[in-house]
Every structure is written in C-alpha cells, then in structure tokens.
Amino acid sequence: MTKEKLKVTIGTIEIKNPTILAAGILGQTGANLKRVLRSGAGAVVTKSIGPKPREGYSGPNIVQTPCGLLNAMGLPNPGMENMVEEIETVKEKGGTVIGSIFGEGLEEFKKLSRKMEEAGVDAVELNLSCPHAKKLSTIGNDPEMAERITKGVSKESDAPIWTKLPGNTNISNLLEVAQSVQKAGADAITIANTFPGMAIDARAERPVLGHETGGLSGPAIKPIALRLIYEVYKKVDIPIIGSGGVMNGEDMIEYLLAGASAVEIGTGIMWRDIDIFEKVCEEALPYLEDRSVTKLIGSAH
Ligand SMILES: Cc1cc2nc3c(=O)[nH]c(=O)nc-3n(C[C@H](O)[C@H](O)[C@H](O)COP(=O)(O)O)c2cc1C
C-alpha cells in the first residue's frame, strides 16, 4: 500500500515514486544510472548529451556557496554515439530513463532525439536552458525558438518530449515560453535549470569559476523555482517536473502542492548521498496520511 501511494504518472509514463535523478549529476555512465535506480529513484535523467564528445570548460567548475552550488561545467559529455551503449545497459535492467539532449539548432536536436529513441529511452528531455553555454543560453527564454525546437522534435518523435526551461525569474517571459512549448506538443515541462550567478574570491580579487559566471542550484533556489511552478501550473495543462533544491521529503511535498507531478534531484545527492531518493520518499510519507501523492498535485492552489 505504501508503495502504491507513491506511484505517479507523467503523461504515459508511470514511475514508482516522484523522485527523479536530475540531468548532469551521475548521469554519464550506465553504471551510475543503474546505481541511482537501485538507490530508490523513480527514474533517471542522463547528463545532457550533444552530438560529439565535449570536454567542457576549464576549472574550477564547481564552487560551494552558503546555501547552494555554483557550477560552470560547460556541458562535458561523452557524445551521443558513446552514450547509446550506456543507456542500453540501463534499459536491459528495466529502469525508466529520460535522455537529456542539447544542440545548436533544430536539426541537431532532431538527430539527437532520434538516437535517444533508438537507445530505448522512455522520454527525451530537451535542455533549452543551460545558463552558461555559448549559443545555447537564450533558446529557453525565446518563446518562438523554444516552440520551434519543441515542435520540430515532437512531430518526429514517438517518445514523450519534456522541455526543460531555464532558471528565469522574468515571469511573463517564462509563462509565454511555457505556453509556447505546450502548444508545440511538449508532453511535460521541467522547471527549472540553475539560475545565473557567480562567486568572486575577495583575496585573489577575481572570479572563482574558470568560466567566471555559472548556474546556482540547491536550497538557495528552491523558493524561486517553487514560485515559478506555482505560476506556470495556472497556465498549462501538461505535467510539470520540479527541479531546484529538493533536499528532503517536505521539499518534495511543497513542489507537489505547487503543481509539480514529480521532482528532479541533483545537488541533494552531494548533501545527503546517493540514497537521498529513498530518504525523500520515506520522509514524505507522514504528509500523505491515507492519500496518494497524486492527490497532492496542485492542491496548494
Ligand atoms: C554539476 C551540475 C551539472 C548539471 N548539468 C546539467 C546538464 O547537463 N543538463 C541539464 O539540463 N541540467 C544540468 N544541471 C542542472 C540540474 O539538472 C538541476 O536542474 C539543477 O541543478 C537544480 O536542481 P538541484 O538544486 O536539485 O541541483 C546541472 C547541475 C549541476 C549542479
């Protein structure tokens, strides 16, 4: 019964609980994706994969701040050809895998999405949102571009398409983008990626990150992402996946109440270890009483 209470569906995909590994953390190898699934996650999202292997920016790539992490990785990834094999090893074991992709234009997104489908993913997440990658940073803030890419990919795809939006506090712009991608055929929207930020070393008198600026994740962004979901939930009918600072069961419950159908967890793994997925589910149970998690979705409205 407890297990049943945690089940959620995101469009046509049913997952055993609402915790999902976020893109970019432990998502580059089949072995790590399987480890996360064994540790209790309902599903896993791969690292964002591009057409070719990519090294990313020179370091430092990550810096800890008082209530979050700043990262400027520069989308290092093994490239699609190498990733296909990794995903296939996870699918052989039956886990739910979402393939995250990034490209420089529609044709690249379409090609990568097809490859992800061939590898057997359950859904494709379009990363329109990396705040620190050259050429990519504006796609998710531009309603027309976001619509064009989502529409182009979803038209040709049999797999559900999740569009992941940037950490964007310009609410009227975000709502416009969210409605555009819904119109374009997105099956779900992930909100949000990291929020732009930076750290400066007062003694060295220079930026800490190799790339100078980066993306902020963790507890610092939770109230901000929560509000974005609350607002977007009022305007779209497709499922929303929450992302930003989920550290414990109560955080997940808050996201569900705001309107998310599930949550992606990244930074929390570094705070609480890989079994955070199991812990979050355990900690959420007292809030459910005799209800299933699906009953909570959007009920703070
Ligand atoms: C080190 C690091 C790498 C990330 N890489 C990606 C990525 O490749 N693609 C992506 O869509 N998001 C990426 N993200 C963003 C996360 O998926 C997530 O949306 C964000 O960190 C907020 O969730 P959190 O506070 O639980 O980490 C990355 C985040 C971190 C901290």
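Trainee: Which elements each supply at least two residues of the lining of the second largest pocket?

Mentor: α1 (2-6) and α10 (276-288) do. Both are elements in the DSSP sense (helices are H or I runs of at least four residues, strands are E runs of at least two, numbered from the N terminus). This is a predicted model: local features need pLDDT of at least 70 and side-chain atom pairs count only at pLDDT 80 or more, while totals for chains, interfaces and linings use all residues. Residues are numbered from 1 along each chain as its sequence is written, and side-chain values use heavy atoms, with hydrogens and water left out.

Trainee: What makes a residue such as Glu 278 part of that lining?

Mentor: A lining residue has an atom within 4 Å of a pocket point; the points lie on a 1 Å grid over the protein atoms alone, and a pocket is an open set with protein on both sides within 12 Å along at least five of seven lines. Glu 278 is listed in the lining, as are Lys 3, Lys 7 and Cys 281, among others. The lining divides into 3 nonpolar, 3 polar and 6 charged residues (charged being Asp, Glu, Lys and Arg; nonpolar being Ala, Val, Leu, Ile, Met, Phe, Trp, Tyr, Cys and Pro; polar the others, Gly among them). The space in this pocket is about 310 Å³ (filled by probe spheres set on points joined across faces, edges and corners).

Trainee: Where does the ligand sit?

Mentor: The ligand sits in the largest pocket, so more than half of its atoms lie within 2 Å of the grid points. That pocket has a volume of about 540 Å³. Elements giving two or more residues to its lining are β6 (68-71), β8 (123-127), β16 (260-265) and α9 (267-272); α9 gives the most, 3 residues.

Trainee: Why is the pair between Lys 47 and the ligand called a polar contact?

Mentor: A polar contact is a pair of N or O atoms within 3.5 Å. An N or O atom in the side chain of Lys 47 is 2.9 Å from a ligand oxygen atom, so the pair qualifies. Ser 243, at 2.8 Å, and Thr 267, at 2.6 Å, also have side-chain polar atoms that meet the cut-off.

Trainee: How much of the ligand's area does the protein cover?

Mentor: The protein covers 97% of the 610 Å² that the ligand has accessible on its own (Shrake-Rupley, 1.4 Å probe). The shell around the ligand has 8 nonpolar, 13 polar and 2 charged residues.

Key: Polar contact = N/O pair within 3.5 Å; in protein donor to acceptor, adjacent residues only side chain to side chain. 1 Å grid on protein atoms, 1.4 Å probe; cavity = no way out; pocket = protein on both sides within 12 Å on 5 of 7 lines; lining within 4 Å.
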